[in-house]
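Ready for a few exercises? Have a look at the molecule below, then try each task before reading its solution.

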Amino acid sequence: MKFRSGNDYATVLAVALDNQPLRTPPKSSCRSGTTERPMGWQTKPAVIANRAGEQVVNFGHAPWMIVCADVTLTITNPHLKTARVLDPNGMP
């Protein structure tokens, strides 16, 4: 599998569903995640334990703002015949 992301930050997780290497199983699952923050979330630059970091100055409020994933997945597995996009609850 190859992944390409157009997001500033994204995670991608690929898992074989039958305990086999990803190149061979007939079933696998791929999930992606991006930045999620409450509306109004604010940080400022800070030095923490002698390292540059950020300090949260406003924890924000509902609703949560989630960056849409811009991820392209290329799969080279002849055993996979179909693909389905699922929602966060695992439903089509």
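**Exercise 1. Find where Thr34 sits, and say whether Thr34 is buried or exposed.**

Step 1: Thr34 belongs to strand S3, residues 28-34. Strands here are DSSP runs of E with at least two residues, and helices are runs of H or I with at least four, numbered from the N terminus.

Step 2: Look at the cover. Thr34 has a relative accessible area of 11%, so Thr34 is buried. The scale goes like this: buried is under 20% relative accessible area, exposed is over 50%, and partly exposed is in between (1.4 Å probe, protein chains only).

Step 3: Check the side chain. A polar atom there lies 2.3 Å from the backbone oxygen of Val67.

A word on the ground rules: this is a predicted model, where local features need pLDDT of at least 70 and side-chain atom pairs count only at pLDDT 80 or more, while totals for chains, interfaces and linings use all residues. Residues are numbered from 1 along each chain as its sequence is written, and side-chain values use heavy atoms, with hydrogens and water left out.

**Exercise 2. Work out how many disulfides there are, and why.**

Step 1: Recall the idea. A disulfide is a covalent bond between the sulfur atoms of two cysteines. The cut-off is a pair of cysteine sulfur atoms within 2.5 Å.

Step 2: Try Cys30. Its closest cysteine sulfur is in Cys68, 19 Å away, which is too far for a bond.

Step 3: Put the count down: zero disulfides.

Step 4: Add the surroundings. Cys30 is partly exposed at 32% relative accessibility, whereas Cys68 is exposed at 68%.

**Exercise 3. Describe the aromatic pair.**

Step 1: Know what to look for. A pair of aromatic rings is described by the distance of the centres and the angle of the planes. Rings of Phe, Tyr and Trp (its six-membered ring) pair if their centres lie within 6.5 Å; planes under 30 degrees apart are stacked, over 60 edge-to-face, and the rest tilted.

Step 2: Count. There is one aromatic pair. Trp41 and Phe59 have ring centres 6.0 Å apart and planes at 80°, so this pair is edge-to-face.

Step 3: Place both partners. Trp41 is in the loop between strand S4 (36-39) and strand S5 (42-48), Phe59 is in the loop between strand S6 (51-58) and strand S7 (61-66), and the two are 18 residues apart.

Step 4: Compare the cover. Trp41 is partly exposed at 30%, while Phe59 is exposed at 60%.

**Exercise 4. Track down the salt bridge and say which parts it ties together.**

Step 1: Start from the principle. Side chains of opposite charge can pair when their charged atoms come close. Here that takes a side-chain nitrogen of Lys or Arg within 4 Å of a carboxyl oxygen of Asp or Glu.

Step 2: Name the partners. The structure has one salt bridge, and in it Asp70 meets Arg4 at 3.9 Å, N to O.

Step 3: Locate them. Asp70 is in the loop between S7 and strand S8 (71-74) and Arg4 is in strand S1, so the bridge ties together parts 66 residues apart in sequence.

Step 4: Check exposure. Asp70 is partly exposed at 37%, and Arg4 is partly exposed at 45%.

**Exercise 5. How far apart are the C-alpha atoms of Arg37 and Val47?**

Step 1: Arg37 is in strand S4 and is partly exposed, at 37% relative accessibility.

Step 2: Arg37 and Val47 are 10 residues apart along the chain, and 22 Å separates their C-alpha atoms.

Methods:
A polar contact is a pair of N or O atoms within 3.5 Å; within protein, one must be able to donate a hydrogen and the other to accept it, and residues adjacent in sequence count only if both atoms are side-chain atoms.
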